[in-house]
Amino acid sequence: RNVAAMEHRESLRQSRQRFSGEVLRLYEDTVELENGKTATREVIRHRGAVCIAAVTEEGGVYLVRQFRYPMGKELWELPAGKLEPGEAPLEAAERELGEEAGVSAQELYSLGDYYSDEVIHCYAARGLSPCQMTLDEDEFLTPEIFPLEKLVSMVLEGEICDGKTCVAVMRLWAWQQRGAWPQNRRVK
């Protein structure tokens with residue numbers, strides 16, 4: 001048997017919903033393992049989210065500073081937000097960019113997805129124009145523009161701890177190091 005060619009898997013045998021909220025649902029799943037035994041998995045199901053690295057003509061990138069209740073402190077993050085029911089990730093990226101940073105973009109590029117307890121679709125935006133910032137009624141944040149090199153330093157020094165922001169900033173920086181925006185990843 002070729003171990004390198006083996007595909008690892010778990011098969012769902014039973015699923016019980018334990019909690020249902022506005023943003024997420026918690027399930028207790030029983031799965032069958034490769035060896036035929038079963039195990040319990042606690043799974044969070046979420047609609048997903050987006051984050052956007054909006055890049056100015058001068059090469060600055062928008063961050064927002066906001067209080068994150070689970071962490072008990074303010075964090076620096078890229079503009080981001082959850083998908084609304086039935087909303088496509090690209091539509092959500094455009095909406096969230098306007099709501100949180102007060103800009104719209106002529107061009108959007110996929111930075112790939114980031115997995116946590118949800119799928120977060122990461123984008124880079126260029127060709128920015130000002131628009132009306134419209135925060136949710138329970139949302140309080142302050143946008144600020146930083147040079148990309150400063151953001152990379154903030155990630156490496158632990159000043160930026162938000163996972164999606166770390167991933168998107170480092171992917172954007174890697175693109176910059178290659179010297180070009182990959183046109184095959186343009187989505188708008």
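## A walk from Glu107 to the cores

Start by selecting Glu107: setting aside its neighbours within four places in sequence, you will find this residue in contact with Ala124, Ala125, Arg126, Arg186 and Lys188. Keep in mind as you explore that this is a predicted model.

Now show the backbone around your selection. Glu107 lies in strand β8, which covers residues 103-115. Is Glu107 buried or exposed? Glu107 is buried, because its relative accessible area is 16%, and the cut-off for buried is under 20%. Next, add Tyr109 to the view: the side chains of Glu107 and Tyr109 make a polar contact at 2.7 Å.

**Next stop: the largest nonpolar core**

Select Val61, Leu151, Ile160 and Leu172. These are the residues with the most contacts inside the largest nonpolar core, which has 26 residues. Which elements give two or more residues to this core? They are β4 (49-54), β5 (60-68), β8, β9 (119-130), α2 (148-156) and α3 (163-178). Colour them and you will meet β8 again, the strand where Glu107 is found.

Stay with Leu172 for a moment. Leaving out its neighbours within four places in sequence, Leu172 is in contact with Ala53, Val55, Val61, Leu111, Ala124, Leu148 and Trp181. Ala124 may look familiar, as it is also among the contacts of Glu107.

Then select Ile52, Ala92, Leu97 and Ala125. They belong to a second, separate core, which has 14 residues. Ala125 is another residue in contact with Glu107.

**Next stop: a hairpin**

Move to strands β2 (residues 24-32) and β3 (residues 38-46). They pair in the antiparallel sense over nine bridges. To see one of these pairings, pick Tyr27 and its bridge partner in β3, Val43. Between the two strands of this hairpin are five residues, and here Gly36 takes a positive phi near 90°.

**Last stop: the cysteines**

Finally, select Cys131 and Cys51. Why is Cys131 not bonded to another cysteine? The closest cysteine sulfur, in Cys51, is 18 Å from the sulfur of Cys131, which is too far for a bond. Cys131 is partly exposed, with a relative accessible area of 35%.

Now try Cys166 together with Cys161. The sulfur of Cys161 is the nearest one to that of Cys166, at 6.7 Å, and Cys166 is in no disulfide. Cys166 is buried, its relative accessible area being 17%. The count of disulfides comes to zero.

Methods:
Residues numbered from 1 in each chain as written. Predicted model: local features only at pLDDT ≥ 70, side-chain atom pairs only at ≥ 80, totals over all residues. Heavy atoms only, no water. Helix = DSSP H or I, 4+ residues; strand = E, 2+ residues; numbered from the N terminus. Buried < 20%, exposed > 50% of the residue type's maximum accessible area, 1.4 Å probe, protein only. Polar contact = N/O pair within 3.5 Å; in protein donor to acceptor, adjacent residues only side chain to side chain. Contact = heavy atoms within 4.5 Å. Disulfide = S-S within 2.5 Å. Pairing = 2+ DSSP bridges. Core = buried A, V, L, I, M, F, W, Y, C linked by side-chain atoms within 4.5 Å.
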